[in-house]
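Please look at the sequence and the three-dimensional structure shown below. The paragraphs after them are meant to be read with both in view.

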Amino acid sequence: MSRRTRRPRPARPTPASCPCGLPAAYDDCCGRLHRGQAQATTAEQLMRSRYSAFAVGDEAYLLRSWHPTTRPPGADLDPGLRWVRLEILGTTEGSAFHTTGTVEFRAHYTQGGRTGSLHENSRFVRHEGAWVYLDGLTED
């Protein structure tokens with residue numbers, strides 16, 4: 001009798017430009033954070049890196065950057081969903097000098113030939129010195 005274990009889904013191909021919307025190569029922008037070579041210095045930078053992690057399918061990074069008290073067992077990425085554009089609508093606090101911050105954003109996607117967007121106001125906190133995602137309120 002064999003045991004089935006949940007295997008992580010392979011990440012999507014690495015894009016040349018960063019999905020987060022900044023004018024930089026993925027490897028030099030959010031890719032550094034995903035690989036653990038750098039940490040986000042602001043809540044907005046963490047938000048952008050998490051969006052990019054959704055775009056490239058990096059579930060491990062999403063879970064690492066989630067506060068342990070609100071982190072789910074898995075990110076449950078939908079392979080049919082493609083994140084195509086991120087808009088940062090506003091931020092409060094969240095700088096290198098703060099311990100909390102919020103980022104309001106709209107993330108655009110396509111799924112099954114249809115377009116859509118997710119509008120969220122995300123809360124971020126410092127945990128053990130690093131910015132992490134705490135939770136978010138979605139809006140229609």
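The following explanation moves from the sheet to the helix and then to two single residues.

The structure is a predicted model. A suitable place to begin is its open sheet, which consists of four strands in the order β1-β2-β3-β4, with antiparallel pairing. Strands β1 and β4 form the edges, and each of these two pairs on one side only. Neighbouring strands of this sheet are turned against each other by 30 degrees on average, direction ignored.

Consider next how the strands are joined. Strands β1 and β2 run antiparallel and are connected by eleven bridges. Within this pair, Trp83 stands opposite Tyr109, which belongs to β2. Helix α2, made up of residues 43–56, packs on the sheet and touches β1, β2, β3 and β4. The direction of helix α2 makes about 170 degrees with that of β1.

On the other side of the strand order, β3 (residues 114–127) and β4 (residues 130–139) also run antiparallel, and nine bridges join them. Here His119 has Glu139 of β4 opposite to it. The two strands form a hairpin with two residues between them, and in this hairpin Glu128 takes a positive phi near 55 degrees.

Two residues may now be examined individually. Gly94 is found in the loop between β1, residues 81–93, and β2, residues 100–111. Is Gly94 buried or exposed? Its relative accessible area is 3%; because this value is under the limit of 20%, Gly94 counts as buried. Leaving aside residues up to four places away in sequence, Gly94 touches Thr42, Ala43, Thr100, Gly101 and Trp131. Distance along the chain can be set beside distance in space: Gly94 and Gly116 are 22 residues apart in sequence, and their C-alpha atoms lie 28 Å apart.

The second residue, Thr138, has its place in strand β4. In a regular strand, the side chains alternate between the two faces of the sheet. Thr138 has a relative accessibility of 53%, and it is therefore classed as exposed, since the limit for this term is over 50%. Residues up to four places away in sequence again being left out, Thr138 touches Leu118, His119 and Glu120. Along the chain, Thr138 and Pro79 are 59 residues apart, and 21 Å separates their C-alpha atoms.

In summary, the reader has followed a sheet with the strand order β1-β2-β3-β4, a helix, α2, that packs on this sheet, a buried residue, Gly94, and an exposed one, Thr138.

Definitions and conventions
Residues numbered from 1 in each chain as written. Predicted model: local features only at pLDDT ≥ 70, side-chain atom pairs only at ≥ 80, totals over all residues. Heavy atoms only, no water. Pairing = 2+ DSSP bridges. Buried < 20%, exposed > 50% of the residue type's maximum accessible area, 1.4 Å probe, protein only. Contact = heavy atoms within 4.5 Å. Axes fitted to C-alpha atoms, helices over the stretch in contact; angles between N-to-C directions.
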